[in-house]
Amino acid sequence: MMGKRFYALAVFAVGMAAFGSAQAEVYPKQPVRIVVPFGAGGVTDVTARVFAEGLSRELGQPFIVENRPGAGGGIAASAVAKARPDGYTLLVITNGMFAVNPRIYPKLPYDPTKDFTYVGMLANTPNILAVNASSPYKSLNDLITAAAASKDKLSFSTAGEGSDNYQVLQLLQQATNTQWLQVPYKSGSESLTAMLGGQADATAISPVTGVSYIQGGQVRAFAVTSNRRLENLPQVPTVREVLGKDVEGGSLSGIAVPAGTPLGIVKQLNEAIAAVAASPLAQEKIYSRGSERVHGSQAAFEQKVKREQERWSTLLGTRKE
């Protein structure tokens with residue numbers, strides 16, 4: 001009799017412990033920060049805000065965007081790497097931050113391999129090579145010819161070293177054997193404004209944030225840095241169509257959390273991100289405007305990180321010292 005009673009008490013205790021553990025792991029219980037590594041108005045910021053809205057609906061707590069631009073994403077990445085691994089501080093991380101920055105900065109304040117768990121990809125967004133409507137350059141070939149004739153004279157605005165349009169500039173220079181003067185800003189929005197205002201001869205813009213300028217006649221679009229034309233801008237050819245060479249680059253964005261974040265929280269976030277990506281909200285505000293939907297699994301993101309790191313290691317060589 002005592003044995004049965006003891007067994008029943010033991011089972012009850014185990015059950016209560018499991019219940020208590022499950023209760024302790026309820027997530028999220030409070031607002032969640034999404035740290036964006038660039039200023040407001042660029043494609044990374046726009047994508048983050050759409051997903052913040054969707055995640056708030058999916059998980060029942062506010063997801064609040066916090067812009068922390070600077071150092072090619074290094075300021076934001078460093079802050080998140082040092083945050084508590086509890087799921088309440090997320091980072092929008094881009095391919096520039098985990099694949100390009102390690103090749104161009106002598107020392108990073110974060111380790112893209114050790115400091116983060118990669119949760120899920122948000123979008124892949126190609127760029128459009130463009131000039132302002134009053135530019136003397138009427139085609140991409142005109143622009144390349146001028147760049148070849150004036151080394152480091154033609155200016156190209158970017159959102160800073162490591163950014164998506166910085167990457168496109170590197171690819172364009174390699175493909176055409178030209179050298180440009182890079183003019184860095186804090187965001188894609190500022191970079192576009194500089195080109196529109198004549199402070200830069202050309203830039204690479206996101207179709208998500210730049211399509212209205214193209215359709216409104218303020219920007220002359222030359223070519224898109226993807227392997228196919230965009231559905232919302234079918235008149236804009238690919239770089240390969242114009243130059244006969246591939247210049248495929250842009251912004252791949254995803255969500256990362258500090259290493260050590262509980263796997264249950266990572267899984268919950270991944271599933272919520274996938275739900276938002278499949279929603280009409282993301283389709284209307286991101287994917288129908290030129291961004292591409294990407295595979296939602298955590299494993300796919302981790303594999304993509306490795307492939308991008310290998311790609312840019314080959315393109316840019318070893319880390320600068």
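## A tour of two sheets and the helices α6 and α12

Select Phe-156 and Trp-180 to begin: both residues are buried. The model on screen is a predicted one. Now show the two rings. Their centres lie 5.7 Å apart and their planes meet at 85 degrees, so Phe-156 and Trp-180 make an edge-to-face pair. Phe-156 belongs to strand β6 (residues 155-158), while Trp-180 sits in the loop between α6 and β7 (181-184), so the pair ties together parts 24 residues apart in sequence.

Stay with Phe-156 and switch to the backbone. Across from Phe-156, in β7, stands Gln-182. The strands β6 and β7 run parallel and are joined by four bridges.

Next, move along β6 to Thr-158, which is in that strand. Is Thr-158 buried or exposed? Its relative accessibility is 0%, so Thr-158 counts as buried. Display what surrounds this residue: beyond the residues up to four places away in sequence, Thr-158 touches Ser-163, Asn-165, Tyr-166, Leu-169, Gln-182, Val-183, Pro-184, Tyr-185 and Ser-191.

Widen the selection to the sheet that holds β6. This is an open sheet of five strands with mixed pairing, ordered β7-β6-β8-β5-β9. At its edges are β7 and β9 (219-224); each has a single partner strand, so one side of each is left without a neighbour in the sheet. From one strand to the next, the twist averages 30 degrees.

Add helix α6. The helix lies across β5 (128-132), β6, β7 and β8 (202-205), and runs at about 145 degrees to β6. Pick out Thr-176, which lies in α6 (residues 164-176). Thr-176 has 16% relative accessibility, so this residue counts as buried. Neighbours within four places in sequence aside, Thr-176 is in contact with Ile-144 and Leu-243.

Keep α6 on screen and add helix α12 (residues 298-316). The two helices pack with their axes 12 Å apart, at an angle of about 50 degrees. The helices α6 and α12 are therefore oblique to each other, and their crossing is left-handed. Which residues meet there? From α6 come Gln-167, Gln-170, Leu-171 and Gln-174; from α12 come Arg-311, Trp-312, Leu-315 and Leu-316.

Now bring in the other sheet of the tour. Its five strands form an open sheet in the order β2-β1-β3-β10-β4, and the pairing is mixed. The edge strands are β2 (63-67) and β4 (116-126), each with a single partner strand, so one side of each is left without a neighbour in the sheet. On average, neighbouring strands here are turned by 25 degrees against each other, direction ignored.

Zoom in on β4 and strand β10 (residues 250-258), which pair in the antiparallel sense over nine bridges. One place to look is Asn-124, whose bridge partner in β10 is Leu-252. With α12 shown again, follow that helix over the sheet: α12 packs on it, touching β3 (89-94), β4 and β10, and its direction makes about 75 degrees with that of β4.

Finish by selecting the aromatic side chains. How many aromatic pairs does the structure hold? There are six. Tyr-110 and Phe-116 form a tilted pair, 6.1 Å centre to centre with 55 degrees between the planes. Tyr-110 and Phe-116 are both buried. The last stop is a cluster in which ring pairs link Phe-98, Tyr-118 and Phe-301.

Conventions. Residues numbered from 1 in each chain as written. Predicted model: local features only at pLDDT ≥ 70, side-chain atom pairs only at ≥ 80, totals over all residues. Heavy atoms only, no water. Buried < 20%, exposed > 50% of the residue type's maximum accessible area, 1.4 Å probe, protein only. Contact = heavy atoms within 4.5 Å. Phe/Tyr/Trp six-rings, centres within 6.5 Å; stacked < 30°, edge-to-face > 60°. Pairing = 2+ DSSP bridges. Axes fitted to C-alpha atoms, helices over the stretch in contact; angles between N-to-C directions. Parallel < 35°, antiparallel > 145°, perpendicular 65-115°, else oblique. Left-handed = near helix turned anticlockwise from the far one by under 90°.
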